[in-house]
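Please look through the report below with the sequence and the structure at hand, and follow each part as it is described.

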Amino acid sequence: MDTFLQSLLLILIPLIAFFCFFLKTKQIGTKNMPPGAFGWPLVGETYQLLFKNIENFIQERAEKHSSEIFKTNLFGEPTVVMFGPAANKFLSINESKLVKVWYMKSQCKLFNLPDQNQNQTQVGVASPPVKVLGLLKHEGIIRYMGNNNNIESIIQKHFITHWEGKTELKVYPLVKSFSISLAFQFFLGTDETHYVDKFATKFENLFSGIYSVPMDFPGSTYHRAIKGASEIRKEIQYMIKDKIEGLSKGKVMDGLLAHIVDAEKSGKYVPKIEISNTIMGLMNASYISIATTLAFMIKHIGLSPHIYQRIISEHADIKRSSKESGTSQLDWDSIQKLKYTWAVALESMRLYSPAPGAFREAKTDFTYEGFTIPKGWKIFWAFIGTNKNPKYFDKPESFDPSRFEGNNVLAPYTYIPFGSGPRSCPGKDYTRLAILTFIHNLVTKFKWEVMLPDEEVSGAMIPIPTEGIPIRLHHLF
């Protein structure tokens, strides 16, 4: 009997899902819909998105339809993919008016979000406490990181442990280690090595599970992600309790988490589950983004003598100014002066984007570029849609930081590595501070040679150097 019921469910569930999808699309009628196709029943074109290169996925359809908007079926939902400066501006200014944030079912389960089809306020990563967003501005970051002392301390410890005394190493695993260590210090207020090592793998599993097939069975990527998310959430909630007890006894507690908990005394109560989901979401978003950008920056600085010399010159000037002012560490004013280094970071994010896009949902029927997007349809806002398009970037496959310096001003909404509008990435200043401080310490201590200039880059959604970017390291002193 059990076997019969299981077989029946295997037949009925796909049929019900297909029927639901049919109901969502049957009311289209004669409306002028964007070009495109829904692909296979149920799965649509999800496979092409998840297991092939996302940039190729977008480019192929853009060329086929001669349009920067097309319809498809992703994750069982009728979806419109939008990109380009006009779409970036349209979605930015119509956030919460015509469109609202939408998360895949896999994200909802991983970050403990409620059913988005219900009329209720979303919590967790969907709506972080307002105070959190303010703390991620550079004033808050500097205040909680001791005017950059904590970042410098983490970097120094990282280089002593992983770089000094080495002649060859792989960059990508090491910058991931740095990024997660920094996240633990900044968000949770801990730098205990054994603790960071214990949860680094769990965060990696969580990140990998977001854009995976949401099939929960032992051994699957999604199963590992769910397990990792549960353990991370449980630990953060334990730390919340620890922070509350410590603060009640007058102890000085470090980390963004402690300041959120402390801020509750004079503000609106925020449930522990919401705090843990928010912190977990912010850590997850920053972890791979910083590591990916640093890895490819280091690669291209090592490959280009011209870029290396300009980087060295800029950082030598900063170091000289710091000595004259009697300080040995970067402050925010110095960070702002590293314009060329930040241009290298922007070019790295353009070619190797750690944030391909975000989903939205149409709140009502609306028209864009003469096409109708029906209420309830999902929108994939492709931030990367312009990144390698020759219409917007000359010789787009070339690594050229000069695109982002001097008089080379891009047209508005052409390049949005951190998104745009009211829901743009709140961690931009945190990312900038982490990347530029790391590079400053790196180039003033080491010089390096890239061992595999033509190393293959894999990854459908997020670029991954297949060999980890091996380099030969030379100590400067």
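## A pair of strands in a mixed sheet

In this predicted model, strand 5 (residues 357-362) and strand 8 (residues 378-382) run antiparallel to each other and are joined by five bridges. One of the contacts between them can be followed by residue, since E361 has K378 in strand 8 as its bridge partner. As general background, strands of a sheet pair through backbone hydrogen bonds, and they do so either in the parallel or in the antiparallel sense.

These two strands belong to an open sheet of five strands, whose order is 1-2-8-5-3 and whose pairing is mixed. Strand 1 (69-74) and strand 3 (99-101) each have a single partner strand, so they stand at the edges, with one side left without a neighbour in the sheet. On average, and with direction ignored, neighbouring strands of this sheet are turned by 35 degrees against each other.

## Strand 2 and its neighbours

Strand 1 and strand 2 run antiparallel and are joined by six bridges, and K71 stands opposite V80 in strand 2. The two strands form a hairpin with two residues between them, and F75 in the turn has a positive phi of about 55 degrees. With strand 8, by contrast, strand 2 pairs in the parallel sense over four bridges, and here V80 stands opposite I379 in strand 8.

How many residues of strand 2 are buried? Six of its six residues are buried, and the strand is described as mostly covered. In a regular strand the side chains alternate between the two faces of the sheet. In strand 2 both faces are covered, with E77, T79 and V81 buried on one side and P78, V80 and M82 buried on the other.

## Helices packed on the five-stranded sheet

Helix 4 (residues 85-93) lies across strand 2 (77-82), strand 3 and strand 8, and runs at about 125 degrees to strand 8. Its buried residues are P85, A87, N88, F90, L91 and S92, and these pack against strand 2, strand 3, strand 6 (366-368) and strand 8.

The pairing of strand 5 with strand 8 over five bridges brings us back to a strand that a further helix touches. Helix 3 (residues 54-65) packs on the sheet, where it touches strand 1 and strand 8, and its direction makes about 130 degrees with that of strand 1.

## A second sheet

Another open sheet has three strands in the order 4-12-9, and its pairing is antiparallel. Strand 4 (168-170) and strand 9 (446-450) each have a single partner strand, so they stand at the edges and one side of each is left without a neighbour in the sheet. From one strand to the next, the twist averages 40 degrees.

Strand 9 and strand 12 (residues 470-475) are antiparallel partners over five bridges, and F446 stands opposite H475 in strand 12. Helix 9 (residues 171-188) lies across strand 4 and strand 12, running at about 65 degrees to strand 4.

## Two helices that cross

Two packed helices are described by the angle between their axes and the distance between the axes. For helix 13 (residues 272-303) and helix 17 (residues 428-443), the axes come within 10 Å and cross at roughly 35 degrees, and the crossing is right-handed. On the helix 13 side, the meeting residues are S286, I290, T293, L294, M297, I298 and I301, and they meet Y430, T431, A434, I435, F438, I439 and L442 in helix 17.

Is S286, in helix 13, buried or exposed? Its relative accessibility is 8%, and because buried means under 20%, S286 counts as buried. Leaving aside residues up to four places away in sequence, S286 touches S179, A183, F187 and Y430.

## Aromatic rings and charges

The structure holds 27 aromatic pairs. One of them is formed by F159 and W163, which are edge-to-face at 5.3 Å centre to centre, with 80 degrees between the planes, and both of these residues are buried. The ring centres of F186 and F187 lie 4.9 Å apart with their planes at 80 degrees, so this pair is edge-to-face, and both F186 and F187 are buried as well.

F159 and W163 also belong to one aromatic cluster together with F178, F438 and F446. Charged side chains lie over rings in two places described here: K202 over the face of F199, at 5.8 Å from the ring centre, and R350 over the face of F393, at 5.1 Å from the ring centre.

Key
Residues are numbered from 1 along each chain as its sequence is written. This is a predicted model: local features need pLDDT of at least 70, side-chain atom pairs count only at pLDDT 80 or more; totals for chains, interfaces and linings use all residues. Side-chain values use heavy atoms; hydrogens and water are left out. Rings of Phe, Tyr and Trp (its six-membered ring) pair if their centres lie within 6.5 Å; planes under 30 degrees apart count as stacked, over 60 as edge-to-face and the rest as tilted. Buried means under 20% relative accessible area, exposed over 50%, partly exposed in between (1.4 Å probe, protein chains only). A charge sits over a ring if NZ of Lys or CZ of Arg is within 6 Å of the ring centre and within 35 degrees of the ring normal. Two strands pair if DSSP finds at least two bridges between them. Axes are lines fitted to C-alpha atoms, for helices over the stretch in contact, and angles run from 0 to 180 degrees between N-to-C directions. Contact means heavy atoms within 4.5 Å. A crossing is left-handed if the near helix is turned anticlockwise from the far one by less than a right angle, and right-handed if clockwise.
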